[in-house]
Amino acid sequence: MESLVDKENRLVVAQTFALASDAATNSKANRALMQGLVDSFAEDRADQKKEKDKKSREQVVLKALAFDETKTNQDSGEPEAFWQTIYRNYLGQRIRGTGEWIFSDHTYVTWEKGQSSRPILAIAGGEGTGKSVLTSTIIKHLNQRKTTKSSDRRITTGYYFLEGNSRDELRNATNLETVAKSLVWQFSQSERIYLKSVAQICEHYGEIDPAEISKHLILGNRDLRQLEHHFLYCH
């Protein structure tokens, strides 16, 4: 009889221990689940705040840049990426392999790697010699490197094609303003640090003289200088 009682007691103890163990395990699992939910919620809130800040800064920049209304999206107020249309048109004119010789050219290689004494690469040639097509080849190459995880450098591209005689176009102050505005917007969309910097500058000045956009937002921007950048000029 005593043996049977002892056996029952041991069974009760074992069951109690098992229940306690399960409860502890479930409690840990519940705590882990709750912590995961809290972390996820916090991340969502942080992402929402970042997106809200981004939209707010974009509106400040757009107001300061004051793009031509005929070239902006009526719903978002953002400029239509007309520079992309021209770029893609030039890409469409390329035959596979066109211009890829430049990627083994010493001058180009040192420029792309940031080893050149000057950050400007100039492509010169007569009218109809393929300068713009070559430029589109370089832009495509840089864009592909930008999306390659194995790339050891951060790459941001901004570009603008002047149609017609580029020298005559550059003499037009309105065209220069459009180029500057387009580059500022492209960099703003690629680099949050730059967007924040530009928004702060725009808020500080309130309204920027179109002729001063390059000075304040590109050439004189400290945050842009801290980012590794190079310029490709085609004429």
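**Helix 2 and three salt bridges**

R88 and G92 are exposed on the other side of helix 2 from its buried residues, which are F82, W83, I86, Y87 and Y90. Buried means under 20% relative accessible area, exposed over 50%, and partly exposed in between (1.4 Å probe, protein chains only). The model is predicted, so local features need pLDDT of at least 70 and side-chain atom pairs pLDDT 80 or more, while totals for chains, interfaces and linings use all residues. Residues are numbered from 1 along each chain as its sequence is written, and side-chain values use heavy atoms, without hydrogens and water.

**Helix 2**
- Helix 2 (a DSSP run of H or I, at least four residues, numbered from the N terminus) has 12 residues and spans 17 Å from first to last C-alpha, close to the 16 Å expected at 1.5 Å a residue, counting one less than the number of residues.
- The buried residues are F82, W83, I86, Y87 and Y90; they lie on the same side of helix 2 because their arc around the axis, taken from the directions to the C-beta atoms, is only 145 degrees.

**Salt bridges**
- The whole structure holds five salt bridges (a side-chain nitrogen of Lys or Arg within 4 Å of a carboxyl oxygen of Asp or Glu).
- K49 pairs with D53, with the closest N and O atoms 3.0 Å apart; K49 is exposed at 52% relative accessible area, and D53 is partly exposed at 26%.
- K49 and D53 are four residues apart in helix 1 (residues 2–65), so about one helical turn separates them.
- K54 pairs with E58 at 2.5 Å between the closest N and O atoms, and both K54 and E58 are buried.
- R94, buried at 16%, pairs with E100 at 4.0 Å between the closest N and O atoms; E100 is partly exposed at 42%.

Technical notes:
Helix = DSSP H or I, 4+ residues; strand = E, 2+ residues; numbered from the N terminus.
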